[in-house]
Every structure is written in C-alpha cells, then in structure tokens.
Amino acid sequence: MWKNEIAREIENIDIINLDTHGNSNMISHFINQFKICNSVYWCLNKGYTQQNKNNIRKWNEILHTTEDKGLWEKINTLTFHATLDSKLRTFQYKLVRRILPTNIQLKLYGIKENDVCDLCRNEIETYEHLFCDCEISGQLIADMVQWFHPYLVIQQNLIPKKILLGYTEIPCLDTANLINTLMIITKYFIYKCKCKNILPTFRQLKLEIKLKYLLEKDSHHFRTREKWKPIEPILTAFE
Ligand SMILES: [Zn+2]
C-alpha cells in the first residue's frame, strides 16, 4: 500500500504546474493542503521530531552535525520563516525528515531496479549525492550563487549541511530567509528534473526563481517581500 503511494507520488510530480499530489506522509499532506497557522506547525514539528530522533541521528552521522536541540529547532523551522510557499515547505520538510524518496530508497522498496543517480548516472543517489556531490547539481548551484553575486553573497565553498538542511547562522533574518529560499527552490527544481528524467538547465532554474519572486514580491507578509530586495534588480532584468 505505502509502496504504491510513493510510486504514485513520483509519477504525479508535475513540473509544468509546480504541483505535487498524493503525498505519502500525512503531515506533509496536511501542510500542503492547508494554510496552517504558526501554532499548528510548531505542534506538528515538535511531535513528529520527538518520534523520529533516528532521522536526526542519521543526519548527525552523515553531516557531522550535533545533537544540539537549539540547532535542530532552527533547522526544523527555517523553511517556515523563509517562504510562504506550501510546496517548498513540504519539500524541505520531507528532506529534513528523510522521507523524500530518492533512488536508494526506491530500490530498497522494490520500486526501482537500480539506485544510480538519475542525473549523472555515475553514483548511488543518496540525498548527499543528489543535492551536493553530483556534478550536474553542483554546477547548477554554483551558477545560481554566481548569478546573484555581488548583490547577494552566498558562501562559495558550500558545505553539504548548509545545502541540505539550510543556513542557520546568518544574523540578518532577511538574508537568511532569501538564501534558504533560493537553496530550497534550487533543490526542488533538481528533484523535479530527476523525477522527470530530464537534465536541469540553468535557464529553467532562473525562470523558477523569477516565478517564485513574482508570487512573493507583493505578499501581504512584510518579511516575505522584503527578503527579495537585494536581488530585485537582477530578477527584474531577467526575461
Ligand atoms: Zn549524480
């Protein structure tokens, strides 16, 4: 039953309409379908984290992060601060909870025959490979960082922890929100391309970022609009 749900989710990712249907996880589904308020989000996050300490342990092993409760509270909630977009929130939520299906899990569940990366076809498709080590994703992220430089300075030597889990140490809230939003958009775009078996292009990523900017620039939420200000000249000029 749950295998069919995951398979259906992969099939239903719609790159044109930026839509996802049939989420395999009840909480993700809930977040995706409703404009939930702060208190509900915190409750869900808190409860779910307590039940899934193994995920945190796994990240700590792979990325050499720590058990620091404060750090994980920031990681769990930074997406909520970064963007109002429910699809981006759901995507990052699944990634942090390690419930976003990649080929390594799909092979394990018997849904796919091999676990090789759909983009480069060279390595096993773990989260770390797909979003950090894959040469195709790496080039895309480097191009994105370069596009906004020097209007927005994103650390050139990106470490996997920041790419995967987000930037938790930037003192300026608007800058942190902007960088985290751009990283989530880029990862989401990479993931959608991988699911559709197409190679991501930088031109298409630029369009995706511009689309999110257009959706958020007139938001009623002050922080959501403000964060885009440093890179507005670049986005406005891009057609
Ligand atoms: Zn790859």
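## Helix 12 and its cover

Helix 9 (135-148), helix 11 (173-195) and helix 14 (232-237) are among the elements that cover the buried residues of helix 12. The model is a predicted one. Helix 12 itself spans residues 202-216. Its 15 residues reach 21 Å from the first C-alpha to the last. That is close to the 21 Å expected at 1.5 Å a residue.

The buried residues of helix 12 are L205, I209, K212 and Y213. Seen down the helix axis, they fall within an arc of 105°, so they line one face of helix 12. The face turned away from this buried side carries the exposed residues R203, L211 and L214. Leucine thus appears on both sides: L205 is buried, whereas L211 and L214 are exposed.

## The chain as a whole

The protein chain has 14 helices and 0 strands. From the N terminus on, every element in the run is α.

The chain has 239 residues, and 31% of them count as buried. Consider its contacts with a separation of 6 or more. Residues 24 or more positions apart account for 58% of these.

## A cis bond after helix 9

Helix 9 is part of the cover over helix 12. The loop between helix 9 and helix 10 (160-165) holds P150. The peptide bond from H149 to P150 is cis. Its omega is near 0°. Most peptide bonds are trans.

## Two arginines with positive phi

Most residues other than glycine have a negative phi. R98 has a positive value, near 60°. This arginine is found in the loop between helix 6 (86-97) and helix 7 (103-108). R98 has 16 other C-beta atoms within 10 Å. The count for an exposed residue is 12 or fewer, and for a buried one 20 or more. R98 is therefore partly exposed.

R121 is also not a glycine, and its phi is positive, at about 60°. Its place is the loop between helix 7 and helix 8 (127-133). R121 has 10 other C-beta atoms within 10 Å, so it counts as exposed.

## Summary of the local features

- Helix 12: buried residues on one face, with R203, L211 and L214 exposed on the face turned away.
- H149 to P150: a cis peptide bond, with P150 in the loop between helix 9 and helix 10.
- R98: positive phi, partly exposed.
- R121: positive phi, exposed.

Definitions and conventions:
Residues are numbered from 1 along each chain as its sequence is written. This is a predicted model: local features need pLDDT of at least 70, side-chain atom pairs count only at pLDDT 80 or more; totals for chains, interfaces and linings use all residues. Helices (H or I, at least four residues) and strands (E, at least two) are DSSP runs, numbered from the N terminus. Two residues are in contact if their C-beta atoms, placed from the backbone, lie within 7 Å. The expected span of a helix is 1.5 Å times one less than its number of residues. The arc is that of the directions from the helix axis to the C-beta atoms.
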